[in-house]
Amino acid sequence: MPTTTRAAVVESGGAPFTLSDIELDEPGPHEALVRMVATGLCHTDLGVASGGLPFPLPGVLGHEGAGVVEAVGPAVTGVAPGDHVVLSFTSCGDCRNCDGGHPAYCATWLPLNLLGGRRADGTSTISRDGEPLGGHFFGQSSFAERALVDERSLVKVDRDVPLESIAPLGCGVQTGVGAVWNVLKPVTGSTIVVLGAGAVGLSAVMAAALTPATTIVAVDRVGERLTLARELGATHTVNGAEEDLGEALAAITGGQGADGIVETTGNVKVLRQGVDALGARGTVVVVGAPPFGTEVALDVNGLLGGKRVVGLTLGDAETQSFIPALVRLVKEGRLPLHRLISTYPFADIDQAVRDMGAGKAIKPVLTF
């Protein structure tokens, strides 16, 4: 039987989130019904809600959910009713990249997660008054009291860890941590620079602090965030509103340049500065996503010293092993994610959106 629940619906591009009763389809063979406990708010949600991506609206967004499984489809084997789960992206499970342990680069990632609004077979997971809504967002659409979740979006986690403390692991945190651990892989004495001290950037700082990197530089234009970055493990900070980035990084690295840079701002000018600040054989990981079609000019001769520019989706993480490891680090206090989180009742989602846009909240988490 369908399940009626309360959700935050975006009626059209640029419209606010509106609480509304919706109907969830009965779980399919590879789906589960999850009672949401918490869900993070991410810039990707805001970008889609603004109409910046062709996701079908009206629709239900949300892709950093955490909750308790209530029912499962007949083919689900990884979780059972009562299990605590963190929700992340979904993938086909059958293509070359999925088989190779890189599901974030699934051949059908865009329609399954970001653009399609429906299951892979074209059927809807969410309706209202008999009319289908855009859903299946990252396989979950977690801006709702209950969510119909694709099996490959479900990650079983430790029941002893409060779900509101780990909801952001499904996207933003895993992205920042994965940029450092899965791509840069710092060796002893490495210099890591993080451009942008939002949720993804500060997650990268915390991740770098758990590696042999000895110089960790956080760059932002907000002094309070730079102070927090130092408390989370940055050894140096640069205020981009007050200092020339290239000169500052040259001074910190003794003119050698950085070994690894994580670019989270989505600003192509900052990306160019990051590439220029690399040392020989250094790597820039591009995480920040400007509008589709945005281009950046690079000095080709400047790349010939072995520099690499690498794009990244969701930390290139294999979620079933990566997220439980992060949960353990949160539980043990080695990944102090609580320093980034501000909690809001689900009904206050628009206030959370405003606070995020104004820079008052680094990682808003909605609680149910």
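Two strands count as paired when DSSP finds at least two bridges between them. Strand β7 (residues 126-128) and β8 meet that criterion, because two bridges join them, in the antiparallel sense. The model is predicted. This briefing covers the annotated region, helix α4, the strand pairings and residue D276.

**Annotated region**
- The UniProt record, an unreviewed entry, lists residues 14-366 as "domain: Enoyl reductase (ER)".
- Over residues 14-366, helix accounts for 26% of the chain and strand for 25%.
- The C-alpha atoms at the two ends of residues 14-366 lie 20 Å apart.

**Helix α4**
- Helix α4 spans residues 172-184, which makes 13 residues.
- From first to last C-alpha, α4 reaches 17 Å, close to the 18 Å expected at 1.5 Å a residue.
- A bend of about 40° occurs in α4 at G178, and G178 is also one of the buried residues of this helix.
- Eleven of the 13 residues of α4 are buried, and the helix is mostly covered.
- The buried residues include G172, V173, Q174 and T175, and also V180, V183 and L184.
- The cover over these buried residues includes the strands β11 (191-195), β14 (258-263), β15 (278-286) and β16 (308-311).
- Helices α5 (199-208) and α10 (319-331) are also among the elements that cover them.
- Just after α4, K185 has a positive phi of about 45°.

**Pairings of β5**
- β5 (residues 65-72) pairs with β3 (residues 31-40) over seven bridges, in the antiparallel sense.
- Within the pairing of β3 and β5, V34 stands opposite V69.
- β5 is also joined to β6 (residues 84-87), by three bridges and again antiparallel.
- In the pairing with β6, G67 stands opposite V85.

**Five-stranded sheet**
- Five strands form an open sheet in the order β4-β1-β2-β7-β8, with antiparallel pairing.
- Its edge strands are β4 (59-60) and β8 (131-132), each of which pairs on one side only.
- For β8, the pairing partner is β7, and R128 has E131 in β8 as its bridge partner.

**Residue D276**
- D276 is found in helix α8, which covers residues 268-276.
- D276 counts as partly exposed because its relative accessibility is 42%, and that class lies between the cut-offs of under 20% for buried and over 50% for exposed.
- D276 and I22 are 254 residues apart along the chain, and their C-alpha atoms are separated by 50 Å.

Terms used: Residues are numbered from 1 along each chain as its sequence is written. This is a predicted model: local features need pLDDT of at least 70, side-chain atom pairs count only at pLDDT 80 or more; totals for chains, interfaces and linings use all residues. Side-chain values use heavy atoms; hydrogens and water are left out. UniProt positions are given in the numbering used here, feature names are shortened, and annotations may be inferred rather than shown by experiment. Helices (H or I, at least four residues) and strands (E, at least two) are DSSP runs, numbered from the N terminus. The expected span of a helix is 1.5 Å times one less than its number of residues. The bend at a residue is the angle between axes fitted to the seven residues ending there and the seven starting there. Buried means under 20% relative accessible area, exposed over 50%, partly exposed in between (1.4 Å probe, protein chains only). Contact means heavy atoms within 4.5 Å.
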